[in-house]
Amino acid sequence: MMAGMNIQQASREYEAWLGGHIRVVKSDLEAKHGLMAQDAFSFLRATFYRWMQLFPALCPKPAGAPRVLAVGDLHVENYGTWRDAEGRLVWGINDFDEAFPLPYTVDLVRLATSAWLAFEQGHLTLAPASASAPILEGYTTGLENGGEPFVLAEKHPLLREAVTSRERDPTCYWEKLGSLPTLRQVPAKVRLMLAQAMPERGLAFRVAHRRAGLGSLGRERFTALADWRGGKIARETKPLLPSACAWAGGLSSNEIYYERILASAVRAPDPFLAMKEGWVLRRLSPYCSRIELSE
């Protein structure tokens, strides 16, 4: 039984499954293992595959709840901001790599668990009990009113101030990206995809490897950096693959739900977020990126 594995065996088998779908960056996997060992919050973020092994056995009542197209790997650092087609700053879930039909309770329990662990590690000043109630209240309110995009203009002033703080200063952001070493070998398909995502045809750019996130560490990640009309710009792509739910459930399905959940989500879309031939492509900028708790 898969739930009877220890974490070492589960990680080996999941990573072998991962390697059967995409090219794995071994140095990033090694870095991921080191981060997993640092604290429980990092471990949670890095091991959604393990969560889906254990959730049905450890939480049988929530696991029996009605199924929806869920985010799956939801936690307090899977949120970010982007600009919509009107240039408005929008807040919401940052990626849907692990989207899958699941009991709706999976997202709620995992988000609350991540908040508790973040509190224990000193990443959140909020008391754990004070985090769980707003999660449930927000979810219930969303169901009652049909959901609402979080456009940070006239509404949500506190959230707007938080996500535009000096911690996301553009100078620091571009310095960090600019320090990434250039990749010498980039697949032709990837280079073409990045070139087509640029705002002008024939714009020169260099491609770097950015190590980001925890759950997706081990995947190739190509970041194109360019100077354009007085400032810096970036585009990034990484391969999509089936959710770890398929591995944990012993399923043979290779269906990817990223595009479907985006299409059905109540949000102001990011016009630069796109799926192309098994890859997800997005724009990066100081305010078009994931929000870390340290920010």
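Let's start at a turn: Arg229 sits in the loop that links strand E7 (222-228) to strand E8 (231-239). Although Arg229 is not a glycine, its phi is positive, at about 50 degrees. Is this residue buried or exposed? Arg229 is exposed, having a relative accessible area of 69%. Please keep in mind as we go that this is a predicted model.

A second loop is worth a visit for a similar reason. Glu277 lies between strand E9 (274-276) and strand E10 (279-284), in the loop there. Glu277 also has a positive phi of about 50 degrees without being a glycine. With a relative accessible area of 67%, Glu277 is exposed.

From these loops we can turn to the interior. In soluble globular proteins, nonpolar side chains tend to be buried together. Here the largest nonpolar core has 50 residues, and those making the most contacts inside it are Tyr14, Trp51, Met52, Phe96, Leu102, Trp247 and Tyr258. Which helix gives the most to this core? That is H6, with 7 residues. If you would like to follow one member of the core outward, try Leu102. Beyond its neighbours within four places in sequence, Leu102 touches Met52, Pro66, Arg67, Val68, Ala70, Gly72 and Cys245. There is also a second, separate core of 15 residues, with Met193, Leu203, Trp279 and Leu281 among them.

Next, the empty space. Rolling a probe the size of a water molecule over the atoms shows where empty space is left. The largest pocket holds about 2000 Å³ of space. Elements that give two or more residues to the lining of this pocket are strand E1 (67-70), strand E3 (89-93), helix H6 (105-120), helix H7 (128-145), helix H8 (157-163) and helix H12 (258-264). H7 gives the most, with 9 residues. In total 48 residues line the largest pocket, and nearest its centre lie Tyr79, Trp91, Ile93, Leu111 and Phe150. What is the make-up of this lining by class? It divides into 32 nonpolar, 11 polar and 5 charged residues.

The model also has 1 cavity of 30 Å³ or more, and the space in it comes to about 30 Å³. Around this cavity you will find Tyr14, Lys32, Ala46, Phe48, Tyr49, Asp73, Glu98 and Gly215. Sorted by class, the cavity lining has 4 nonpolar, 1 polar and 3 charged residues. Tyr14 may look familiar: it was named among the residues with the most contacts inside the largest nonpolar core.

Let's go back to helix H7, where Pro128 has its place. Pro128 counts as buried, at 12% relative accessibility. Setting aside neighbours within four places in sequence, Pro128 is in contact with Trp116 and Phe119. How far is Pro128 from His156 in space? The C-alpha atoms of the two are 23 Å apart, with a separation of 28 residues in sequence.

Our last stop is a sheet. Four strands form an open sheet in the order E5-E3-E2-E11, with antiparallel pairing. Strand E5 (150-151) and strand E11 (289-290) are at the edges with a single partner strand each, so one side of each has no neighbour in the sheet. E11 pairs with strand E2 (residues 79-83) in the antiparallel sense over 2 bridges. Within this part of the sheet, Thr81 stands opposite Ser289 in E11.

Key. Residues are numbered from 1 along each chain as its sequence is written. This is a predicted model: local features need pLDDT of at least 70, side-chain atom pairs count only at pLDDT 80 or more; totals for chains, interfaces and linings use all residues. Side-chain values use heavy atoms; hydrogens and water are left out. On a 1 Å grid over the protein atoms alone, a cavity is a set of points where a 1.4 Å probe fits but cannot get out, and a pocket is an open set with protein on both sides within 12 Å along at least five of seven lines; lining residues have an atom within 4 Å of a point. Grid points are joined across faces, edges and corners, and a volume is the space filled by probe spheres set on the points. Ala, Val, Leu, Ile, Met, Phe, Trp, Tyr, Cys and Pro count as nonpolar, Asp, Glu, Lys and Arg as charged, and the others, Gly among them, as polar. Buried means under 20% relative accessible area, exposed over 50%, partly exposed in between (1.4 Å probe, protein chains only). A nonpolar core is a set of buried Ala, Val, Leu, Ile, Met, Phe, Trp, Tyr and Cys residues joined through side-chain atoms within 4.5 Å. Contact means heavy atoms within 4.5 Å. Two strands pair if DSSP finds at least two bridges between them.
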